[in-house]
Amino acid sequence: MNVEGKKALVFGGTSGIGLATAKQLAKLGANVVAISRTPDRARDLPPGVTLKACDVRAGDAVAALCAESAPYDILVGAATGGERATGPFLGMDMDGYKRCFDKLWGYANCVRYGTEHLAKDGCIVLVSGAPARRSRPGQIALSSVGGAVEAFARGIAPEIAPRRINVVSPGVINTPMFGPAGPERDAIADKRCADHLIPRAGTADEVAQAILFLIQNDFVTGTTVDVDGGWLLT
Ligand SMILES: NC(=O)c1ccc[n+]([C@@H]2O[C@H](COP(=O)([O-])OP(=O)(O)OC[C@H]3O[C@@H](n4cnc5c(N)ncnc54)[C@H](OP(=O)(O)O)[C@@H]3O)[C@@H](O)[C@H]2O)c1
């Protein structure tokens, strides 16, 4: 797909990976709607990016936003959705474990209500996470959710064809998910990667590049691209 002149909805497009994706799409000439609960916090938006407010957990709100934005060619799901639950499963607060799945429910809403207005040659990209296929101690909730996202995309791909759907699985990426920008966040993110094949945190732009690849390459569907600095081999 040549994204020039195409319309894209980027859920979670006001921060981190989603914002980097919105900027890269706009740079290539796409008309981008960046969506989150508090979009006004987004800064330094280039021309071609407009903001809308929506909580991806609210199915009716997602359906209304997709209907009013239709038609469009690209849908990216990068909203964290809710809280991240970490720690050993046998000590886990089960409500926290369930809330971690807000990410999946948000993506499911975006695909359920977003696909009907998506161009026949359009595509969807979701973001999972490296624990999906290699969980480290304390990451069982993240692993469960990420694995569900990847299985969801593989499973739904035949149903929505000829539209395409793919997933990008990031490793540790230095974004506002780890707090405000600054040396403290840099140190936290890099420390987590000290034993990786590429011993540093990734950038939101590096993940966005993979999202752009999956949007632009019309021969890819139902798969996951890892952008993880070698997490799976570490
Ligand atoms: N950073 C990493 O190391 C990493 C690693 C693996 C996977 N991931 C995944 O990558 C995706 C993007 O993460 P990120 O690092 O870019 O995080 P981020 O910088 O915190 O951005 C998250 C975005 O999601 C939006 N959002 C969160 N909950 C929402 C909701 N309920 N409804 C609508 N929008 C919502 C946020 O805006 P509002 O708060 O205004 O709603 C924000 O725009 C997430 O799925 C995350 O799990 C990240």
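The following legends describe close-up views of a predicted model.

**View 1. The ligand and its surrounding shell.** In this predicted model, the ligand is surrounded by 30 residues. Ser15, Ile17, Arg37, Thr38 and Thr175 are the closest of these. By class, the shell around the ligand comprises 13 nonpolar, twelve polar and five charged residues. The space that the ligand takes is the largest pocket. Two or more residues of the shell around the ligand come from each of α1 (16–27) and α4 (102–114).

**View 2. Polar atoms close to the ligand.** Three pairs of atoms are shown in this view. An oxygen atom of the ligand and a polar side-chain atom of Arg37 are 2.7 Å apart. A distance of 2.5 Å separates an N or O atom in the side chain of Thr38 from an oxygen atom of the ligand. At Gly81 the partner is a polar backbone atom, which lies 2.9 Å from a nitrogen atom of the ligand. The ligand exposes 890 Å² when taken alone, and the protein buries 92% of that area.

**View 3. The largest pocket.** The largest pocket contains about 1200 Å³ of space, and this pocket is the space taken by the ligand. Its lining consists of 47 residues. Those nearest the centre of the largest pocket are Ala78, Thr80, Arg84, Thr175 and Met177. The elements α1, β2 (31–36), α4 and α5 (140–160) each give two or more residues to the lining of the largest pocket. This lining divides into 22 nonpolar, 16 polar and nine charged residues. Thr175 is also one of the residues closest to the ligand.

**View 4. The second largest pocket.** The volume of the second largest pocket is about 210 Å³. Thirteen residues form the lining of this pocket, and Ser15, Gly16, Leu19, Ala20 and Lys23 lie nearest its centre. At least two lining residues are supplied by α1 and at least two by α7 (204–216). The largest share of the lining of the second largest pocket comes from α1, with four residues. Four residues of this lining are nonpolar, four are polar and five are charged. Ser15, which lies nearest the centre of this pocket together with the other residues named above, is also among the residues closest to the ligand.

**View 5. Two cis peptide bonds that precede proline.** Most peptide bonds are trans. The bond from Ala70 to Pro71, however, is cis, with omega near -5 degrees. Pro71 belongs to the loop that connects α2 (59–69) and β4 (72–77). The peptide bond from Ala161 to Pro162 is likewise cis, and its omega is near 10 degrees. Pro162 occupies the loop between α5 and β6 (164–170). Helix α5 also gives two or more residues to the lining of the largest pocket.

**View 6. A positive phi at Asp44.** Most residues other than glycine have a negative phi. Asp44 is not a glycine, yet its phi is positive, at about 55 degrees. Asp44 is located in the loop between β2 and β3 (49–53). Strand β2 is also one of the elements that give two or more residues to the lining of the largest pocket.

Key: Residues numbered from 1 in each chain as written. Predicted model: local features only at pLDDT ≥ 70, side-chain atom pairs only at ≥ 80, totals over all residues. Heavy atoms only, no water. Near = heavy atom within 4 Å. Polar contact = N/O pair within 3.5 Å; in protein donor to acceptor, adjacent residues only side chain to side chain. Areas by Shrake-Rupley, 256 points an atom, 1.4 Å probe, with all protein chains shown as cover. 1 Å grid on protein atoms, 1.4 Å probe; cavity = no way out; pocket = protein on both sides within 12 Å on 5 of 7 lines; lining within 4 Å. Sits in = over half its atoms within 2 Å of the grid points. Nonpolar A, V, L, I, M, F, W, Y, C, P; charged D, E, K, R; others polar. Points joined across faces, edges and corners; volume = space filled by probe spheres on them.
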